[in-house]
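User: I would like to learn how to read the strands, the buried positions and the enclosed spaces of a model such as this one. Could you take me through them one feature at a time?

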Amino acid sequence: MRGVMIQGTASDVGKSMICTAFCRILSDQEIRVAPFKSQNMSNNSYVTVLGEEIGRSQGVQAEAARTVATVDMNPILLKPESDMKSQVILFGKKLETMDGMDYRKSFYEHGLVAIDQALENLAKTYTHLVIEGAGSPAEVNLNDREIVNMAVAERANVPVILVADIDRGGVFASIVGTLALMPNPERVKGLLINKFRGNIRLFEDGISFLEDYTKLPVLGVIPYFGNHEIEQEDSLGVRELSRTSAKQPIDMAVLKHPYLSNFTDIEPFLNEPDVAVRWVEFTQDIGQPDILVFPGTKSTIADLRYWKQQNIEDFLGSLKKETQLIGLCGGFQMLGDSLSDPSGFDGTKADFEKGLGLISGMNTDFIEEKFVKRRRGVAGVHGEAVQIDGYEIHTGRSTYAGKPLISYEEGTEGVHMERLIGTHLHGFFNNDECRRAFLAPIRQQKKLPEPVMKERPDRYSRWAAHVKAHVDWGQIERIMEESG
């Protein structure tokens, strides 16, 4: 196969987004292209149509490439359960939980076999790959057994483009230093500068310096692009999912758990012009919001204890009566009466943990088997029936009574109370009508007009057009054609 690998000078420089744009541009050219990332580390996963887990960025990139996401696009997914241990997902299924040292020692050869198998499988269907690296390729303490950056470029036999984020500062040192420390820098065929702000003419001398010093072409300088509406995978992307201004009179506070996962469930609210979204790490900063969200978490009991240490129970009792509560997946489970994890499948080995008691009679038990499934149904939101779809991914099994939120062909799920909505379904608020129905009572109470929702162009095409307009795509194509 032909293709290219996007590596970065650090995490969150825009590798995933660049790969997403390249996938859409190549798809527009009617090229059979697939994304690939050998190993991902994220608690923000994507569920394939077969009910398997991969990194969210590869699921998004597959959508941009107009193809169906498969486990071959991300054969290894690591989901952190603590600072020391991660759950290892191999070809979409849970393998085991390992600490970093054991993983590095015992999984290396296993990982290489998985990568080679995935590349072989993809070659049967696609002609081009857009490969995403991880972190930085200049981690000299890890390079002897790395399976995410230059080792993958060599196995796939593709050239590398190095991306740097100029918005964070130090762009020259980050590029020069990375090239000096990375193995096989001769495989790097060009540079991309991402998240540029200001007048490009002021950076012309910088381009000249980089090309003279590194002997590599600067293939483009991509201006910062806000509100691209493309889901982010890296937890560093949380800061981009915030918006606070007097122009947004509806105040939404979202609890930022230590083990936060699937934070992109909040992203659709940024499409609402009158909703301000702010993340809070401490109870004292919650205030009196119109909406308080308990989002997903990889370690439900651990995060519940984090908030209990800050007296979250007392705070909830002091909330104004109009505040609407949302519980999503692990955040939903926190709102019940009890949680039990005697075998440590949630990472705590807690026989019993008292919940926040907002959903009476709800109890959650954590078991080994993970429930992973795409779902489609009808939700009753404040009296309106709306079509919804999304996916569930959790080990906790919750029992509860009361008015269900969602009806599926095979049953019901979730809880709907006067001031509370709870569900295990990720993507619940992606539906525009669902958000409108949820926000309607708040808008009525605040005497706010229903905003006119403008038709938005395809998010992938809009982002791809932005990138293509600011890179030398012809030169990038020539670089790719020299691979394989």
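**Reading strands, burial and cavities**

Analyst: V415 stands opposite G422 in β24. That pairing is a small place to start from, and some ground rules come with it. This is a predicted model, in which local features need pLDDT of at least 70 and side-chain atom pairs count only at pLDDT 80 or more, while totals for chains, interfaces and linings use all residues. Residues are numbered from 1 along each chain as its sequence is written, and side-chain values use heavy atoms, with hydrogens and water left out.

User: Which strands does that pair of residues belong to, and over how many bridges do β23 and β24 pair?

Analyst: Strands of a sheet pair through backbone hydrogen bonds, either parallel or antiparallel. Strands here are DSSP runs of E with at least two residues, helices are runs of H or I with at least four residues, and both are numbered from the N terminus; two strands pair if DSSP finds at least two bridges between them. In this case β23 pairs with strand β24 (residues 420-423) in the antiparallel sense, over 2 bridges. Both strands belong to an open sheet of 6 strands, ordered β14-β13-β15-β16-β24-β23, in which the pairing is mixed. Its edges are β14 (275-280) and β23 (415-416), each of which has a single partner strand, so one side of each is left without a neighbour in the sheet.

User: What is the order of the strands in the open sheet of 4 strands?

Analyst: The order is β3-β6-β7-β8, again with mixed pairing. Here β3 (39-41) and β8 (93-99) stand at the edges with a single partner strand each, and therefore one side of each has no neighbour in the sheet. On average, neighbouring strands of this sheet are turned by 25 degrees against each other, direction ignored; for such angles, axes are lines fitted to C-alpha atoms, for helices over the stretch in contact, and the angles run from 0 to 180 degrees between N-to-C directions.

User: How should I follow the pairing from strand to strand across that sheet?

Analyst: Take the pairs in sheet order. β3 and β6 are parallel and share 3 bridges, with Q39 having I76 in β6 as its bridge partner. β6 and β7 run antiparallel and are joined by 5 bridges; I76 is partnered by L90 in β7, and a hairpin of 4 residues connects β6 to β7. Strand β7 (residues 85-90) is in turn joined to β8 by 6 bridges, also antiparallel, and L90 has K93 in β8 as its bridge partner. The loop between β7 and β8 holds F91, which has a positive phi of about 50 degrees although it is not a glycine.

User: Is F91 buried, partly exposed or exposed, and how does β6 fare?

Analyst: Buried means under 20% relative accessible area, exposed means over 50%, and partly exposed lies in between (1.4 Å probe, protein chains only). F91, at 24% relative accessibility, therefore counts as partly exposed. In strand β6 (residues 76-80), 4 of the 5 residues are buried, so it is largely enclosed by the rest of the structure.

User: What surrounds a buried residue such as I406?

Analyst: Contact means heavy atoms within 4.5 Å. I406 lies in strand β21 (residues 406-408) and counts as buried because its relative accessibility is 0%. Leaving aside neighbours within four places in sequence, the contacts of I406 include V378, A379, I388, L425 and F428. T364, in strand β19, is buried at 1% relative accessibility, and its contacts, with the same neighbours left aside, include Q333, L339 and R397.

User: How many cavities of 30 Å³ or more does a search of the whole structure find?

Analyst: A cavity is a set of points, on a 1 Å grid over the protein atoms alone, where a 1.4 Å probe fits but cannot get out, and lining residues have an atom within 4 Å of a point. Grid points are joined across faces, edges and corners, and a volume is the space filled by probe spheres set on the points. The search finds 2 cavities of 30 Å³ or more, and the largest has a volume of about 200 Å³. Of the 20 residues lining the largest cavity, T297, K298, I393, H394 and T395 are the closest to its centre. Two or more lining residues come from each of α10 (330-334), β19 (363-381) and β20 (384-399), with β20 giving the largest share, 4 residues.

Notes: On a 1 Å grid over the protein atoms alone, a cavity is a set of points where a 1.4 Å probe fits but cannot get out, and a pocket is an open set with protein on both sides within 12 Å along at least five of seven lines; lining residues have an atom within 4 Å of a point.
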